[in-house]
Amino acid sequence: MDELNLIQNVPVFALPVIFAITGHEAAHAYAARHFGDNTAYLEGRMTLNPLRHIDWIGTVLLPLVCVAVGGFIFGWAKPVPVR
């Protein structure tokens with residue numbers, strides 16, 4: 001029965017985290033552009049599309065490994081480039 005509980009809890013926790021990571025990284029891009037740095041805008045990172053901000057190792061693989069071993073869930077998004 002624990003497997004079913006885990007399968008139900010993953011989307012409940014993962015979706016808000018994905019939206020938070022997306023908003024956070026997009027805010028970095030918007031702030032950089034506001035202050036004159038167009039690097040993130042030119043690379044297409046000033047968007048609310050989560051696929052543009054997902055780092056496959058830090059956002060997908062490492063949290064899954066952490067869940068599998070039962071430890072603290074840790075991860076990161078692809079950093080927004082700035083000059």
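Modeller: Buried means under 20% relative accessible area, and exposed means over 50%. The model here is a predicted one.

Colleague: Why is Asp 37 called buried?

Modeller: Asp 37 has a relative accessibility of 9%. The limit for buried is under 20%, so Asp 37 counts as buried. Asp 37 sits in the loop between H1 and H2.

Colleague: What makes the pair of Asp 37 and Arg 83 a polar contact?

Modeller: A polar atom of the Asp 37 side chain is 2.6 Å from the backbone nitrogen of Arg 83. The cut-off for such a pair of N or O atoms is 3.5 Å, and the 2.6 Å separation therefore falls within the cut-off. Not counting residues up to four places away in sequence, Asp 37 also touches Ala 32 and Val 82.

Colleague: Why is Val 82 called exposed?

Modeller: The relative accessible area of Val 82 is 55%. Exposed begins over 50%, so Val 82 is exposed. Val 82 belongs to the segment after H3. With neighbours within four places in sequence left aside, its contacts are Ala 32, Asp 37 and Thr 39. Between the C-alpha atoms of Val 82 and Ala 29 there are 8.1 Å in space, although 53 residues separate the two in sequence.

Colleague: Is Glu 25 buried or exposed, and how do you know that?

Modeller: Glu 25 is at 10% relative accessibility. Buried requires under 20%, so Glu 25 counts as buried. Glu 25 is a residue of helix H1. Beyond neighbours within four places in sequence, Glu 25 contacts His 53, Ala 77, Lys 78, Pro 79 and Val 80. As for Val 80, its C-alpha is 6.4 Å from that of Glu 25, and the two are 55 residues apart along the chain.

Colleague: What makes His 53 a buried residue?

Modeller: For His 53 the relative accessibility is 1%. Set against the limit of under 20%, that value means His 53 counts as buried. His 53 is placed in the loop between H2 and H3. Residues up to four places away in sequence aside, those it touches include Thr 22, Glu 25, Ala 26 and Arg 45. From His 53 to His 24 the C-alpha distance is 9.7 Å, with their positions 29 residues apart in sequence.

Colleague: Why is Thr 22 called buried?

Modeller: Thr 22 has a relative accessible area of 4%. Since buried is under 20%, Thr 22 is buried. Thr 22 lies in helix H1, residues 2-34. Apart from neighbours within four places in sequence, the residues in contact with Thr 22 are Thr 47, Leu 48, Asn 49, Pro 50 and His 53.

Colleague: What is the volume of the largest pocket, and which residues are closest to its centre?

Modeller: The largest pocket holds about 570 Å³ of space. Its lining has 20 residues, and Ala 14, Val 17, Thr 59, Pro 63 and Ile 73 are the closest to the centre. H1 gives the largest share of the lining, eight residues. Helix H3 (56-69), like H1, supplies at least two.

Colleague: How many residues of that lining are nonpolar, and how many charged?

Modeller: The lining of the largest pocket has 16 nonpolar residues, four polar ones and no charged ones.

Colleague: Which element has the lowest mean pLDDT, and which the highest?

Modeller: H1 has the lowest mean pLDDT, 86, and helix H2 (residues 39-42) the highest, 93. Over the protein the mean pLDDT is 87, with 95% of residues at 70 or more.

How values were computed: Residues are numbered from 1 along each chain as its sequence is written. This is a predicted model: local features need pLDDT of at least 70, side-chain atom pairs count only at pLDDT 80 or more; totals for chains, interfaces and linings use all residues. Side-chain values use heavy atoms; hydrogens and water are left out. Helices (H or I, at least four residues) and strands (E, at least two) are DSSP runs, numbered from the N terminus. Buried means under 20% relative accessible area, exposed over 50%, partly exposed in between (1.4 Å probe, protein chains only). Contact means heavy atoms within 4.5 Å. pLDDT is the predictor's confidence in each residue, from 0 to 100. On a 1 Å grid over the protein atoms alone, a cavity is a set of points where a 1.4 Å probe fits but cannot get out, and a pocket is an open set with protein on both sides within 12 Å along at least five of seven lines; lining residues have an atom within 4 Å of a point. Grid points are joined across faces, edges and corners, and a volume is the space filled by probe spheres set on the points. Ala, Val, Leu, Ile, Met, Phe, Trp, Tyr, Cys and Pro count as nonpolar, Asp, Glu, Lys and Arg as charged, and the others, Gly among them, as polar. A polar contact is a pair of N or O atoms within 3.5 Å; within protein, one must be able to donate a hydrogen and the other to accept it, and residues adjacent in sequence count only if both atoms are side-chain atoms.
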